[in-house]
Amino acid sequence: MSSIIEVSHVYKAFGGPTIINDCSLSVAEGSITGLIGPNGAGKSTLFNIIAGNLAPDSGQVHFDGEEISSLSADQRFHRGLLRTFQIAHEFTHLTALENLMMVPPNQPGENLFHTWLKPGLVQAREQKVRARALEVIDFIGLDHVRNELAGNLSGGQKKLLELGRTMMTDARVVLLDEIAAGVNRTLLVDLVRNIERLNREHGYTFLVIEHDMDMIARLCDPVIVLTQGSVMVEGSIDEIRNNPDVIEAYFGAGATTD
Ligand SMILES: Nc1ncnc2c1ncn2[C@@H]1O[C@H](COP(=O)(O)OP(=O)(O)OP(=O)(O)O)[C@@H](O)[C@H]1O
């Protein structure tokens, strides 16, 4: 498998100690790759650097062979590299379906000249977006709450909606940051199933930060362990689980898995 994301020798400090320290890793196209590590290891910082929300002090990030360090988060989004975010506050007053319909970038309706000069174009585009949103809401199993305000959805339903929002664009790589947090077990099963289906049926590549090890074990291969801002080891979940260095990094010297 070829790699779709390549992080090469990235460094980042926030005026104090180096948080990301000569970090290099690659994510294979079509994989669901896990990114784990103790608290403060730098996982979210690395996500921000890959997504374009934070500039590295040095080093490079390639997406599908292209060096993307100079691209904004928005430009990366339009190329299909995106991360899920909590539903923004203002969107909690929109229905689940409307939340999906808000996602497509550059909607002609946003441009007043289009509304005046090409109303037919705007209408056709809106119909297409609505049809897609209806497909997506069915796919993620939220059809029964499509007219519910997003703010009234449960934590797990909001996560499913976040995942659905990635389907309104032509996503290729989705960065998931602790998507299982606060989700009940039943909806977690739906979430995992949808991630697997998006991977299998739509060719999405996922990079997943997760503290829930059951979820990592179920979903991810390979798993990358980050400690103190650089990659300690990469392998299958079983290789990681039995690696004494990983156990020590998580639990301290002398710890065992028993
Ligand atoms: N904007 C910032 N300014 C200063 N320090 C920061 C900033 N962002 C992150 N840090 C520091 O960088 C370190 C790594 O944080 P980061 O959130 O990337 O780790 P993490 O591995 O995602 O941790 P966790 O698993 O606890 O979420 C922490 O010590 C944090 O305090």
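**Strand β3, helix α6 and the ligand shell**

Strand β3 is joined to strand β8 (residues 205-209) by 4 bridges, and the two strands run parallel. In this predicted model, one such position can be followed by eye, since Ile32 stands opposite Phe206 in β8. A further 3 bridges join β3 to strand β9 (residues 223-227), again with the strands running parallel, and here Ile36 stands opposite Val225 in β9.

With these partners in view, one can turn to the surroundings of the strand. A residue counts as buried when 20 or more other C-beta atoms lie within 10 Å of its own. By that criterion 5 of the 5 residues of β3 (residues 32-36) are buried, and the strand is therefore largely enclosed by the rest of the structure. Both of its faces are covered, with Ile32, Gly34 and Ile36 buried on one side and Thr33 and Leu35 buried on the other.

The ligand is surrounded by Phe14, Ile19, Gly37, Asn39, Gly40, Ala41, Gly42, Lys43, Ser44 and Thr45. Helix α1 (residues 43-51) contributes the largest share of this shell, namely 3 residues. Sorted by class, the shell holds 3 nonpolar, 6 polar and 1 charged residues.

Helix α6 (residues 155-166) offers a check on geometry: at 1.5 Å a residue its 12 residues should span 16 Å, and because its end C-alpha atoms are 17 Å apart, the model agrees with that expectation. The helix is also mostly covered, with 11 of its 12 residues buried. Among the buried residues of α6 are charged ones by name, including Lys158, Lys159, Glu162 and Arg165, as well as Leu160, Leu161 and Leu163.

Methods
Residues are numbered from 1 along each chain as its sequence is written. This is a predicted model: local features need pLDDT of at least 70, side-chain atom pairs count only at pLDDT 80 or more; totals for chains, interfaces and linings use all residues. Two strands pair if DSSP finds at least two bridges between them. The expected span of a helix is 1.5 Å times one less than its number of residues. A residue is near a molecule or strand if its C-beta atom, placed from the backbone, lies within 6 Å of it.
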